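Trainee: Could you take me through one part of this predicted model up close? I'd like to look at a place where two helices meet, and then at what surrounds it.

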Amino acid sequence: MTRGLFIMCPGQGGQHAGMFDLARTDPKAAALLDQAGITPDAATLFDNAVAQPSIVACALAVWEALRAHLPAPMLAAGYSIGEVAAWSVAGAIAPPDAIALSRVRATAMDHAARVGRPHAMAAISALAVGKAGALAARHGYEIAIVNDADACIAGGLEDNFAALGESVSAEGAKFQRLPVAVASHTSLMAPARCAFDAALAALRFAAPACPVLGGVNALALRTREEAIDALSRQLVQTIRWSDCMDAAVEAGATVALELGPGAALARMMQARHPHIACRSVADFRSIEGVAAWVARQE
């Protein structure tokens, strides 16, 4: 029997027009997607208002199809919007409520982005995070997500994007614009907290079957109060995903499964902790194939 199963729920970046295809092979998962009323459209999949609920719906539909075939997870975590899905995987938030919460979150963040000048986000790699943070601050940017010691995401105003890119390139590092128009996990998202906090306060919450790692501090969280605080804070504070991966391994995780769409989290986990058995559902052609792979891990 597989022990130490760690479920990872992705953020934006891996969505695509066929992202629901695997889940739709299962009747219960298909019913959840029908209830959510989301139809992937390649033209809008990277619009924040579409991306966030689509990603949460995809992860939770796949989980609906898989969960009866897998051992109970020991831990769950989510990358950015994936943290909402992670609480649902843990059993604390019903899937329809998690999808609805993601819609509120996206709407509030889009509103915050319209308050002032346009936002931008970039991936910075091959540069120590401390150095990247200093360069970002020089141009009014903040570190939004830490993925590794030399890989991070920065967010700030579009006005300063080119200048930051020039500074990063001058250091011999890599700089890539992300298809996201809101500076997630930075202080620019402060106006989003009022509406999102109100939705969190009204949320129906059950005792989770396993802890969820908070993205801001990588601590194992279990209560409604901890969930509300963590989900609210991560709108405006740095997500420390590298710490979350380390915390999962320290807690005893031996198998990591990313629910998709995409496989970015699985690749990061494999690179950072190569001794951990790690795959994404995106690697498989069937729900049965995913379950069989997990069952083979001991």
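Mentor: Sure, let's start with the crossing itself: α9 passes α10 in a right-handed crossing. The axes of α9 and helix α10, which covers residues 264-272, come within 11 Å and cross at roughly 65°. Remember that we're looking at a predicted model here. On the α9 side, the residues involved are W241, S242, M245, D246 and V249, and in α10 they meet L265, M268, M269 and R272. Sort the residues of this contact by type and you get 6 nonpolar, 1 polar and 2 charged.

Now follow α9 over to the sheet. Helix α9 (residues 241-250) packs on the sheet, where it touches β4 and β9, and its direction makes about 35° with that of β4. The sheet is an open one, built from 5 strands in the order β6-β3-β5-β4-β9, with mixed pairing. At its edges sit β6 (174-177) and β9 (239-240), each pairing on one side only. As for β4, its residues 142-148 pair with residues 151-157 of β5 in the antiparallel sense, over 5 bridges. If you want one pair to click on, take I145, whose bridge partner in β5 is I153.

Next, the nonpolar interior. W241, which we just met in the α9 contact with α10, turns up again in the largest nonpolar core, a set of 97 residues. W241 is among the residues with the most contacts inside that core, along with F6, L66, L257 and L259. Helix α2 (residues 48-66) gives the most to this core, contributing 12 residues. Have a look at F6 too: leaving aside its neighbours within four places in sequence, F6 is in contact with residues including A248, L257 and M269. M269 is also one of the α10 residues that meet α9. Others on the F6 list include L75, A76, A77 and L213. Apart from this core lies another one, of 17 residues, among them V129, A132, V146 and A154.

Last stop, another helix for your notes. In helix α8 (residues 224-233), the buried residues are A227, A230, L231 and S232. What covers them includes α3 (82-89), α7 (193-201) and β8 (220-221).

Definitions and conventions
Residues numbered from 1 in each chain as written. Predicted model: local features only at pLDDT ≥ 70, side-chain atom pairs only at ≥ 80, totals over all residues. Heavy atoms only, no water. Pairing = 2+ DSSP bridges. Helix = DSSP H or I, 4+ residues; strand = E, 2+ residues; numbered from the N terminus. Contact = heavy atoms within 4.5 Å. Axes fitted to C-alpha atoms, helices over the stretch in contact; angles between N-to-C directions. Buried < 20%, exposed > 50% of the residue type's maximum accessible area, 1.4 Å probe, protein only. Core = buried A, V, L, I, M, F, W, Y, C linked by side-chain atoms within 4.5 Å. Left-handed = near helix turned anticlockwise from the far one by under 90°. Nonpolar A, V, L, I, M, F, W, Y, C, P; charged D, E, K, R; others polar.
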